[in-house]
Amino acid sequence: MTLWFLIGVPLAVGSLLLVCGRRADSLAVPGAIAAAALTLALSAIVTAQRPAVTASYVEGLSFGLRVDGLSAVMVIIVSVVLLAVLIFAVGEFGPEEARARFFGFMLLFAGAMLVTVTATTLVTLLMAWEVMGAASYALIGFWWRESRRASSGTVAFLTTRSADLGLYLAAGAALAGGAGGLALDELAGLPDGWRDVVAAGVVLATLGKSAQLPFSFWLSRAMDGPSSVSALLHSATMVAAGAYLLLRLEPLLGATPWASVLVAWTGALTALALGAVAVVQSDLKQLLAASTCSQVGFMVLAAGAGGVAAGSGQLVAHALTKSLLFLAAGAWLTALGTKNLPALRGVARRYPVVGVTFTAGAVTLAGIPPLSIWASKDQVLAVALQEATPLYLVGLAAAALSAAYAGRAVAIVWSAPDPGAAGHVEQLATGRLNAWQRSALPPLAAGAAALGVLAVPAVWDTFAGFVSTTGDAAATWWELVVSAVVALATAGAVAAVVRRRGDVPAREPWAGWLGLEAAGRSLIAAPTRAAAVALARFDDRVIDGGVRAAVAVGSSVARAVDARVEWSVDGVVRAVAHGFRRLGRSARRPQTGQLHHYYAQAIVALAALVVLLVVLG
């Protein structure tokens, strides 16, 4: 029952706020905060109890939920980030905003994510996956009156939605292959062929949801949403959902060798390429978005290499760190009206609480010891080294880029202000930060730093045993040292460049996200549109034209038949009727009613019969 309440509270309160609309704006803040706090309390209870529930859906299929080690970690982290983000959002959204709509969609989204991480069947997963996608579209395009923001929501939705079709392909193949109940645990045991199709569908859906190559560009467009939306969707929930599902279905990847190799290398190359994209971004949220793709790439790499515990550790550390950084960027956006990095020079000095917490998050993101991502990332690299040395080297290069873009951001926000720097003002600047916004940051910073204890072997072994039944390769002391040296050296070098030369120059195609959106429009959207236009013309001119021609021919034949054949047929019918009518009149003449007439007729008939018999005889 507790598990039902865990998913029911955010879903019910969120739905109620959405149904009530502006009438519930005054109650949205206390209602949403209370629901998030209760969800966090329930997440702690289910983590201790490890419940499982099931409900019949249709014959042979069920709606199933279960909390095990991996899902328990996700339930806790989603609930923690949700509460922190909603507290921040109270200060971001004033009374004039549609608070009920915003907080309703946030709770609905979080509830769908909780169902996703506890789902035991593809039926359950698909339901939550769809709700999550729809809610993300509404949240990214929350300020829908601005065409750019509405368009960004559409781009993000269509991109992820196209990839989501892979889950339907996987469900169909699983049914055909014999997994009648569509249980996630049964997918790895499907026969060859069907298992490959299921793996292909899962990989497509998860790479799209996690903004891995070549789908990464949608995350750039998603930055047009509110900062609190970015903090939730792109730290512990939507983007992490794809990585989580790959970790959950690692047995399926392990049973399908090509899929595990594809996933591992896609994650590694995304971590490397999007790390380079992040280094040259001039917009702070764009930098954080590209780094999200890069950091999630480490999780995907871990899933492909069989490192469930390593990927889970990276997911948790990244969720706390990235939600903190997005909220800090949102706080400066509220105060200054811009997120352009040149315009943010010295902003950490002006707003020290945000500056210190942002620095803690950025240093964590850089992989500087003894903070959390240093520990979790090295566990991923250890798994990669066990899988293949080239995979490890690509991952280590991506880690160096993480230090580069994090070090650059820290150097800029703490450098001396540049009075001549002007950024694009996106919204009205308040010039101050309220207590709601400031209070959400320190707990996240403390959590991101404290998880560095995962580097302690005993702590790591306990965590790994909690989330996974298979043993991962653990990072050795020399791997930790190498990673630390690379991170410190890279971050220091980039900070020195920023201080001496002003900033890292932006270079194409990296600054433009590798041209992925333009490529998607040219290679997919434009041909699809052209094909749709061609099919519409074919439908209008050939199919509809054929129907119209058939109607015209039929009408002409009908008119010809009516003009020529119909009159002939009617004439025959009239002639027959006229003949029978004459026969009828003739037959009435003998019917006089006179008895002697009837006798005479009888005698004539008998005489004719006698003559006939004589002649024939």
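Which residues lie nearest the centre of the largest cavity? The legends below address this and other views of a predicted model, in which local features need pLDDT of at least 70 and side-chain atom pairs count only at pLDDT 80 or more, while totals for chains, interfaces and linings use all residues. Residues are numbered from 1 along each chain as its sequence is written, and side-chain values use heavy atoms, with hydrogens and water left out.

**View 1. The largest cavity and its lining.** W143, G225, S227, L333 and Q427 lie nearest the centre of this cavity, among the 15 residues that line it. On a 1 Å grid over the protein atoms alone, a cavity is a set of points where a 1.4 Å probe fits but cannot get out, and lining residues have an atom within 4 Å of a point. The space in the largest cavity is about 70 Å³, where a volume is the space filled by probe spheres set on the grid points, which are joined across faces, edges and corners. Helix α14 (residues 308–336) gives the largest share of the lining, three residues; helices (H or I, at least four residues) and strands (E, at least two) are DSSP runs, numbered from the N terminus. By class, the lining has four nonpolar, five polar and six charged residues. Here Ala, Val, Leu, Ile, Met, Phe, Trp, Tyr, Cys and Pro count as nonpolar, Asp, Glu, Lys and Arg as charged, and the others, Gly among them, as polar.

**View 2. The second largest cavity.** A search of the whole structure finds two cavities of 30 Å³ or more, and the second largest holds about 50 Å³ of space. Its lining consists of R66, D68, V117, T118, A119, T120, L184, D185, Y244 and R248. Two or more of these residues come from each of α4 (99–118) and α10 (238–248).

**View 3. The largest pocket.** A pocket is an open set of points with protein on both sides within 12 Å along at least five of seven lines. The largest pocket contains about 530 Å³ of space. Of its 18 lining residues, T159, F217, G520, I524 and A525 lie nearest the centre. The largest share, nine residues, is supplied by α23, and the lining as a whole has ten nonpolar, six polar and two charged residues.

**View 4. The packing of α2 against α3.** Helix α2 (residues 25–49) and helix α3 (residues 69–92) pack at about 160°, with their axes 9 Å apart. Axes are lines fitted to C-alpha atoms, for helices over the stretch in contact, and angles run from 0 to 180 degrees between N-to-C directions. The two helices are therefore roughly antiparallel, a term for angles over 145 degrees. Among the residues in contact (heavy atoms within 4.5 Å) are V29 and I33 of α2 and V75 and L86 of α3. The contact has 17 nonpolar, four polar and no charged residues.

**View 5. Two cis peptide bonds.** One cis bond joins L213 and P214, with omega about 5°, and P214 is found in the loop between α7 (194–209) and α8 (217–222). The bond from P369 to P370 is also cis, with omega near 5°; P370 is in the loop between α16 (352–365) and α17 (372–387).

How values were computed. Parallel < 35°, antiparallel > 145°, perpendicular 65-115°, else oblique.
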